[in-house]
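Biologist: I'd like to go through this model with you and ask where each label comes from. Can you show me what we're looking at?

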2 protein chains.
Amino acid sequence: MTRSMQRVAEAVAADPAGCAALTVTGLAERTGTSEATVVRTARVLGYPGYRDLRLALAGLAAQQQSGGAPAVTADIAVDDPLAEVVAKLAQEEQQCLADTAAGLDTSQLDAAVAALATARRIDVYGIGASNLVGQDLVQKLLRIGLIAHAPGDPHLAVTNAVQLRAGDVAIAITHSGRTDDVIEPLRAAFDRGATTVAITGRPDAEVTQYADHVLTTSTARESELRPAAMSSRTSQLLVVDCLFIGVAQRTYESAAPALSDSYQALAHRHSPRHS
Amino acid sequence: MTRSMQRVAEAVAADPAGCAALTVTGLAERTGTSEATVVRTARVLGYPGYRDLRLALAGLAAQQQSGGAPAVTADIAVDDPLAEVVAKLAQEEQQCLADTAAGLDTSQLDAAVAALATARRIDVYGIGASNLVGQDLVQKLLRIGLIAHAPGDPHLAVTNAVQLRAGDVAIAITHSGRTDDVIEPLRAAFDRGATTVAITGRPDAEVTQYADHVLTTSTARESELRPAAMSSRTSQLLVVDCLFIGVAQRTYESAAPALSDSYQALAHRHSPRHS
DNA sequence: CCAGGGGTGAAAATACCTTTCATGGGTGAG
DNA sequence: CTCACCCATGAAAGGTATTTTCACCCCTGG
C-alpha cells in the first residue's frame with residue numbers, strides 16, 4: 001500500500017457513501033491523485049476494478065444508513081436514557097462479534113481444536129472476567145467428556161500447570177496479554193511440552209511467546225462507563241464457543257451421547273412445567 | 001410502461017442482487033430486450049440512467065442480504081468447516097443480541113436499576129452457566145462500590161437469601177425459569193421483603209411468581225451442536241451489562257472514582273510493555 | 001553523486017452507458 | 001378491409017467512465 005493509495009483508501013473509509021457517488025475522476029481529484037491510482041487502490045482492496053468497488057461502496061452506504069448509527073455508535077453517556085443504553089450496548093457487542101469473527105485466524109483455530117480434541121487434560125488460565133470465560137469453556141468441555149480445569153487462583157494455576165506434559169493443552173485467556181498471573185502458568189505448561197494456546201486481544205504481547213497457537217480477540221474501544229472487560233468478554237466467549245464447537249465436531253461420536261446424557265442428568269433439577 | 005420495459009422491471013425486482021452485477025448489455029440480453037430499453041426503464045423508475053439504478057440496486061441487495069440472510073442462518077452442521085462455524089456462530093449471537101435488546105422491557109429494567117442503585121446488599125442466584133453470568137455482574141458491581149455476592153452453591157444461596165430484607169435486592173438468573181435451586185433462594189428473599197428480579201427466557205415460568213421485576217432474555221432456537229446455554233448466556237450477559245451501566249449512571253458520583261481506583265489497583269499486576 | 005527500482009500520473013485504449021434514428025408492428029379511422 | 005399514423009423497439013453511433021500503458025521522477029541505497 002503506497003502513500004497515495006492510502007490517501008484514497010482513507011477517503012473511501014471516511015465517507016463510503018460520498019465516494020460511491022463519485023466517478024474515478026472525481027475520487028482522484030478529491031484525493032489529489034490520479035485515476036490510475038484509484039483503480040490500483042480498488043485492486044488492492046480486492047475488487048476487480050473501480051466499478052466494483054463503487055458498487056460495494058453503494059451497498060455499504062445503504063447498509064449503514066438503514067442500520068443507521070451502527071458503525072458509528074456514539075459512546076454511552078451518563079445521561080442516556082436506559083432504552084438508548086440498551087440499544088447502544090447491543091449494537092456495540094454485535095459489532096464486537098463481527099470484528100472478532102472477521103479477525104479470527106481459522107488455521108490457528110483449527111490447530112487449537114485439533115490439540116484439544118486429543119488432549120489428555122486441559123487447563124484454562126484466566127483472571128477476573130477472563131476466568132469466567134475460562135470456566136464457561138471448561139463447563140462445556142466437561143459436558144462432552146473431556147477433562148478440563150480453570151483454576152481461579154494463580155497459585156493453583158501454576159501448580160496445575162507443572163503437572164502438564166506433551167499431549168496436554170493449556171489455554172491462557174488475557175485481553176491485555178500482559179497479565180503475569182496468567183502468563184506464568186502458561187509458560188510453565190509450555191516449558192513442560194504441553195500444547196499452549198493464547199486467547200488475547202494483543203497478538204504481539206508477551207503471552208504469545210509461550211503460545212503455540214494464538215487466537216486474536218477484537219479490541220473494541222472502551223468508554224468510561226463501558227469498561228474494556230465487556231467487549232473483550234464478548235469477544236473471548238465467541239472464540240471459546242468456536243473452540244468448543246470445533247472440538248464437538250471432531251469428537252462427534254463421543255460428544256453427542258455425552259451431551260444428551262448431561263441434559264438428562266439435569267432434567268430432574270427443574271420443576272415440572274406448570275402452564 | 002411498455003411491455004418490454006415491464007420485463008426489465010420484473011427482472012430487476014425479482015433479483016436485485018443479480019441484476020446489480022450485470023451491465024446494461026447483460027441485463028438487456030437476460031430480458032431479451034435492448035440496451036436502450038433498459039436505460040429507458042431506469043429513467044421511468046426515477047433514476048438519471050442505468051448507472052445510478054445499478055448503484056441503487058447494489059445498495060438494496062446489500063441491505064436485504066444483511067437484514068435478510070441473518071434470520072435464516074442454517075444450523076451448524078457436524079461437517080461444517082471451521083470458517084463457516086465461526087461465521088454462523090457470530091451471526092447467531094448477533095441475532096440473539098438484537099432480539100434481546102428488542103424484547104427488553106425498559107420500564108422493568110429501570111425499576112431493577114433503581115432498586116440496585118440503592119440496595120444495601122445484592123445477591124445473584126444462578127447455577128451452571130447462569131452462575132458465571134451472575135459472577136460477571138457481581139464483579140462489576142463490586143467495582144463500583146456495591147456489595148454483591150453470587151453464591152455458586154445452592155445451599156449457600158438459600159442461607160444467604162434468608163439474610164435479606166427490605167432494601168436488599170435478589171436477582172435470579174435462569175433460562176428455563178424452572179431451576180429449583182435458583183427459585184428457592186429467590187423465594188426466600190421475596191418472602192423476607194427484598195426486591196427481587198428475575199432474568200429468564202420464560203416470562204411466564206415459575207420463577208416470575210417471586211419476582212418484582214422480570215427481565216426477559218431471548219429464546220433462540222438451539223441446535224444439537226449449539227446448546228441453548230450459548231445463546232441464553234449471550235442474552236443474559238447483555239441484560240446484566242445493561243443493569244450494570246444503568247446502575248453506574250445512577251450512582252455516577254461514586255461509581256466513577258471507584259472504577260478508576262480498581263483500574264489502578266490492577267495496573268501493577270501487568271508486566272511492563274515490551275516492544 | 002549515481003544507478004536502480006518503484007510509485008505516480010498523463011494519455012491512450014477500452015468498456016460501458018447514453019443517445020439517436022430507422023424500422024416495424026399495432027391501432028384507429030376512413 | 002385498407003391506410004396512415006404513432007409509438008415501442010433495437011441497431012448503431014456517440015459520449016463518458018473506466019482501465020491500461022508507459023514514461024517520468026522521486027526516493028533509496030550504494
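Biologist: What makes a residue of chain A count as buried, and how much of chain A counts?
Modeller: This is a predicted model, so the call comes from computed positions: buried takes 20 or more other C-beta atoms within 10 Å of the residue's own. Of the 275 residues of chain A, 50% count as buried. As for contacts in chain A with a separation of 6 or more, 66% of them join residues 24 or more positions apart.

Biologist: Why is something called a nonpolar core, and which residues have the most contacts inside the largest one?
Modeller: The name needs buried residues of the listed nonpolar kinds, joined through C-beta atoms within 7 Å. The largest such set has 125 residues, and A:Ala172, A:Leu186, B:Ala172 and B:Leu186 have the most contacts inside it. Another core, of 35 residues, lies apart from it and includes A:Cys19 and B:Leu22. In soluble globular proteins, nonpolar side chains tend to be buried together.

Biologist: What is B:Leu186 in contact with, leaving aside its neighbours within four places in sequence?
Modeller: Among them are B:Tyr125, B:Ala170, B:Ala172 and B:Val207. A contact puts the two C-beta atoms within 7 Å, so each of these pairs meets that limit.

Biologist: How do you know that chain A touches chain B?
Modeller: By the contact count: 60 residues of chain A are in contact with 60 residues of chain B. On the chain A side, helix 6 (82-103) is one of the helices supplying at least two residues, and helix 6 gives the most, with 13 residues. By class, that side has 32 nonpolar, 17 polar and 11 charged residues.

Biologist: What makes a residue part of the surface near DNA strand D, and which come nearest?
Modeller: The residue's C-beta atom has to lie within 6 Å of the strand. There are 19 residues around DNA strand D, with A:Thr23, A:Gly49, A:Tyr50, B:Thr2 and B:Ser34 coming nearest. Elements giving two or more residues there include helix 3 (24-31) of chain A and helix 1 (3-14) of chain B. The class split is six nonpolar, eight polar and five charged.

Biologist: And which residues are closest to DNA strand C?
Modeller: Those are A:Thr2, A:Ser34, B:Thr23, B:Gly49 and B:Tyr50, out of 19 residues surrounding that strand. Helix 1 (3-14) of chain A and helix 5 (50-68) of chain B are among the elements that each supply at least two residues. By class you get six nonpolar, eight polar and five charged residues.

Biologist: Why are strand 2 and strand 5 of chain A said to stand at the edges?
Modeller: The open sheet of chain A has five strands in the order 2-1-3-4-5, with parallel pairing. Strand 2 (148-149) and strand 5 (213-216) each have a single partner strand, so one side of each is left without a neighbour in the sheet.

Biologist: How do you know that strand 1 and strand 2 of chain A pair?
Modeller: Pairing takes at least two bridges, and these two strands have two bridges, in the parallel sense, so they qualify. In one of them, A:Ile122 has A:Ala148 as its bridge partner. Helix 8 of chain A lies across strand 1, strand 2 and strand 3, at about 160° to strand 1.

Biologist: What joins strand 1 to strand 3 in chain B?
Modeller: Five bridges, with the strands running parallel; B:Asp123, for one, has B:Ala170 as its bridge partner. At least two are needed, so five is enough to call them paired.

Notes: Residues are numbered from 1 along each chain as its sequence is written. Chains are lettered from A and ligands numbered from 1 in the order in which they are written. This is a predicted model: local features need pLDDT of at least 70, side-chain atom pairs count only at pLDDT 80 or more; totals for chains, interfaces and linings use all residues. A residue is buried if 20 or more other C-beta atoms lie within 10 Å of its own, exposed if 12 or fewer, and partly exposed in between; C-beta atoms are placed from the backbone. Helices (H or I, at least four residues) and strands (E, at least two) are DSSP runs, numbered from the N terminus. Ala, Val, Leu, Ile, Met, Phe, Trp, Tyr, Cys and Pro count as nonpolar, Asp, Glu, Lys and Arg as charged, and the others, Gly among them, as polar. Axes are lines fitted to C-alpha atoms, for helices over the stretch in contact, and angles run from 0 to 180 degrees between N-to-C directions.
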